[in-house]
Amino acid sequence: MGLLQRSLRARALTFVLLLVIVPLGVIGYIAYNSGRQSIENEVKGHLESVAILKEQEIESWVEHMEHSLTWLATSSQVGNDTAMLTTYTTSDPEYLAAHESLVAQFTKLAALEHMSPVFLLDSTSGHIIASSDVAWEGKFRKLKLYFTQGKNGTYVSDIFHSLTLGKPTMVISTPVKDSGGQLLGVLAGHANLEPLSELMLERSGLGETAYTFLVNRSNLLITNTVFAPTGAFKKWMFGEGAEWALEGKSGVGLFTDYRGEPVIGAYRWLEERKLALIAKQDQSEAFAPVNRLRSTIFMMAGILVAIAAASGVLLTRQIISPLTKLTEYVRRVGKGDYTAEIEIKGKDEIASVASNVKIMVGQLSQMQERLLASERLATLGQLSGSISHELRNPLGVIDSSVYYLKSKLKGLDEKALVHLDRIKSGVSSSTAIIESLLNLTRLKEPQLTRLDLIAVTSDAIGASKIPASVRVVKSFPEQEVTVNADHEQLRMAFNNIIRNAVQAMDGEGTLTVTVRGTPDKQAELSFADTGSGIAVDNLENVFQPLFSTRAKGIGFGLSIVKMIIEKHGGSVEAESEPGKGANIIIRLPLYADKDKEDISNE
Amino acid sequence: MKKAISIVVAVAIILVTGMVAGCVPQEGKEPPDQVTVRLKWLHQAQFAGMYAASEKGFYEQENLEVTLVPYTYEEQPIDMVIEGKSEFGIAGGNLIIQARADGLPVTAIGVIYQKNPLCCYSLKESGITKPQDFVGKTIGLKPGENTQSYHVMLEELGLDRNQMNEVQIGYGVDELIGGITDVSTGFSVNEPHRVIEAGHDVNVMLFADYGVDVYADTLFTSEEIINSAPELVERFLRATIRGWQYAIENEEEIVDITLEYVTDSTRSHEEYMLEQSIPLIHTGTSPIGWMEKEKWQYGQDILLQTGSIEKEVDIDEVFTMQFLNKIYAGAEQR
């Protein structure tokens, strides 16, 4: 089960295979079973009919001979002749005449009914006294059942092998009585079993392996079969069908025959004859058509399964391969490697996932940077917050000490005063730095009001301590440029930029301040200086906190600017030509009053 | 790796030893019982079932080693069994009854020839077709039961022996062909065919047709053996019956096997004999070896009637069904 959970291919294949196998299996099973059942019923019906038919034919054959013999035995001619034989002796002419008459009648019957020989037995001694075959006369049959039973009534013997005849036969006997009911003799005839053999050998039109046969109580085969043409009386049959019939049952079923083969067979117990009649056919032959069907279904199923599996593999490869690549990519990114690459061809759902993931990764990496920056900032903020506070105290102490010294030490010389002033100036620089640090950490959400950018800018210029050596050029439009902003924060930001520009120019140069509106509903404000400029590589980095290429001063200024402008929904960037100067460009969204149109300049 | 190899080798050795040990037949259990059987005549297809049982391993499966000893006039089977020189023998049913009447404790355990093939045979041109024709003729008698049965038959038919010229003949058919006898006694499965092979037509008169239908070839043993080693008897009988069933179902093969035992015969003769014997061994109505009390009783009656024996014997001592019943348990219930 773990495999199915882990592998899409396994699931897909399993699904496809089940989809193919289960319906095929069900259909095949149903088709096979119903086909087999109908064949079975048909064959059973046929075999049973054949068996019943043959049973009837056997009975009627026996009955026929019984009737013929009985008819002769009860005929007055035979009665008289037999009486003669018992009255006279062999030398008397009456005897001879009667004898001749009997022989003639017997010969006729023998020829007609295929019973040979037909003979008369002496009622006491059991000798054959007249026979259609002269050679039999004088022979002794006292012990035979057909004699002892034949004295009482019509008797049909079992089928047995006759030594005298030299072949299997069946004897039918019947009493010959006089008009008074006295027993005169026993008339007997040996039945020719040819008709019986032919009857059993007759093919029933079912197939090569179908045949019928008779078996006696010792499991001995009585009639020849197609498969044992000389098997009669020489072969023992111990199949299940024979066993059931010999137990007295009649029916149809599936069983194992004497060869150990599965067969369909009808079996009947012939009570009168004490014989078992079996009609059977090999199951392999009977069910051949439905077995062929089953083989075909299996083969088809095999082919379909192979095809389905192959297509399943191909299809899943299309899904799995890109997914694997994607997994690998995401894993690498997850470990922090934002340089990982992925290329997925196509425009399907997976390609779409991949490209979205790429975008997401891009955003992730940006966020990562911002997070790092703000983490740095936060740490810094915390740090600087506490450091600043800590620093303020000693600075305050120094400041007040300097004040005290200055006021108390009136007689100090110039040099000492200069130093004191240096100390004071140093303290105020430190304090300024601390202030700007604190400003960085204290940056609140901007309180947005409707402002004129031009006014704010002018304000900021005025508030910044721009030395006289720096020429300021203003390029403002006539109308208002209205923005939604925090006055204080903007001023602070502009202140920082101006201070930076002144420092970059080393206190000498031109600062050009331009305000204009852009076509895309933004206000643009730029501060261009003529300082040393910024290297191309650093154009973005200048806005990072703590970044500074200057020897003195900590680079907080521009990062504060960036923070402030971005909080206003604007953007800031730097342009520069190293050696010629730098240009800080701020963009802010114009004030958009829902009821009024924007005022765009130029 | 080494360990794996040595395990494989060990297993292989065990397997091979096991197979070899298994191939060796179970003789190691107990040595087979040695048994001799005195046949009723010389080696011929008449005893095909015993050859089958020997050659096809049926005796072996019953843990028996069987030696088949052919007949001689001097060493009659019944005498040999009584003297303890043989365990089993084959003799005609009436001889067994007679032996009992003489006080010899032999018992029949099963019958091979349920129908009696004893016969008289004559050349066709002689015109002798029934015993009544024997009057004034020379009759060649084989010693032993042939003679006895012949006498019984004449008695049954009321014929006077003094009206015939009786002479003793040897094992073959030479006397008849040579004209020394007009009629000779023999077995319907044997001698008549030899006459045909010699180029003459023959008339066969079965004793059974004239009232002497007693059991012919009967397997017997001594009472002592029955009492002391009953399962030996059962095993021997079972294997012998299996042999006969096999012989009947596989004639061709059995003729080949028989020819290995026979001296001085032809293939066609043995084929003929086997073919003729089959219907005698089982007529289809009862299993091979089966015996009916009525028939034994009848046999005794005839012997009494003809004076061959003087007093009745207990017929239940003459034969026993105990072994046949065990072997065919349930088969004859139908």
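**Exercise 1.** Is Ile264(A) buried or exposed?

*Solution.* The structure is a predicted model. Step one is to place the residue: Ile264(A) belongs to strand E9 of chain A, which covers residues 262-270. Step two is to read its accessibility, which is 0% in relative terms, so Ile264(A) counts as buried. The cut-off behind this step is that a buried residue has under 20% relative accessible area. Step three turns to a partner in space: Gly253(A) stands eleven residues away from Ile264(A) along the chain, and the two C-alpha atoms are separated by 5.8 Å.

**Exercise 2.** Determine how many disulfides the structure holds, and explain why Cys120(B) has no bond to Cys119(B).

*Solution.* Begin with the search of the whole structure, which finds zero disulfides over all chains. Cys119(B) is accordingly in no disulfide, and its nearest cysteine sulfur, at 6.8 Å, is that of Cys120(B). A disulfide requires two cysteine sulfur atoms within 2.5 Å. Seen from Cys120(B), the closest cysteine sulfur is that of Cys119(B), and 6.8 Å is too far for a bond. Finally, consider accessibility: Cys119(B) is buried at 0% relative accessibility, and Cys120(B) is also buried, with a relative accessible area of 0%.

**Exercise 3.** Explain why helix H5 of chain B is described as largely enclosed by the rest of the structure.

*Solution.* First, identify the helix, which runs over residues 93-101 of chain B. Next, list its buried residues: Gly93(B), Asn94(B), Ile96(B), Ile97(B), Gln98(B), Ala99(B), Arg100(B) and Ala101(B). Eight of the nine residues are therefore buried, which is the reason for calling the helix largely enclosed. Then look just beyond H5(B), where Gly103(B) adopts a positive phi of about 90°.

**Exercise 4.** Which residues make the nonpolar surface patch of about 500 Å², and which gather in a patch of negative charge?

*Solution.* Take the nonpolar patch to start with: its members are Leu18(A), Val22(A), Val26(A), Tyr29(A) and Ile30(A). One of them, Val22(A), is part of helix H2 of chain A, residues 8-74. Val22(A) has a relative accessible area of 43% and is thus partly exposed.

Proceed to the charged patch, where Glu57(A), Glu194(A), Glu198(A) and Glu202(A) come together on the surface. Within this group, Glu194(A) lies in helix H6 of chain A, residues 194-201. The relative accessible area of Glu194(A) is 44%, so this residue is partly exposed.

Terms used:
Residues are numbered from 1 along each chain as its sequence is written. Chains are lettered from A and ligands numbered from 1 in the order in which they are written. This is a predicted model: local features need pLDDT of at least 70, side-chain atom pairs count only at pLDDT 80 or more; totals for chains, interfaces and linings use all residues. Side-chain values use heavy atoms; hydrogens and water are left out. Buried means under 20% relative accessible area, exposed over 50%, partly exposed in between (1.4 Å probe, protein chains only). Patches are made of residues with over 30% relative accessible area and no salt bridge: like charges are joined within 9 Å, nonpolar side chains (Val, Leu, Ile, Met, Phe, Trp, Tyr) within 5 Å. Accessible areas come from the Shrake-Rupley method with a 1.4 Å probe; for residues, only the protein chains shown count as cover. A salt bridge is a side-chain nitrogen of Lys or Arg within 4 Å of a carboxyl oxygen of Asp or Glu. Lys and Arg count as positive and Asp and Glu as negative; His and the chain ends are not counted. The place of a charge is taken as NZ of Lys, CZ of Arg, CG of Asp or CD of Glu. Helices (H or I, at least four residues) and strands (E, at least two) are DSSP runs, numbered from the N terminus.
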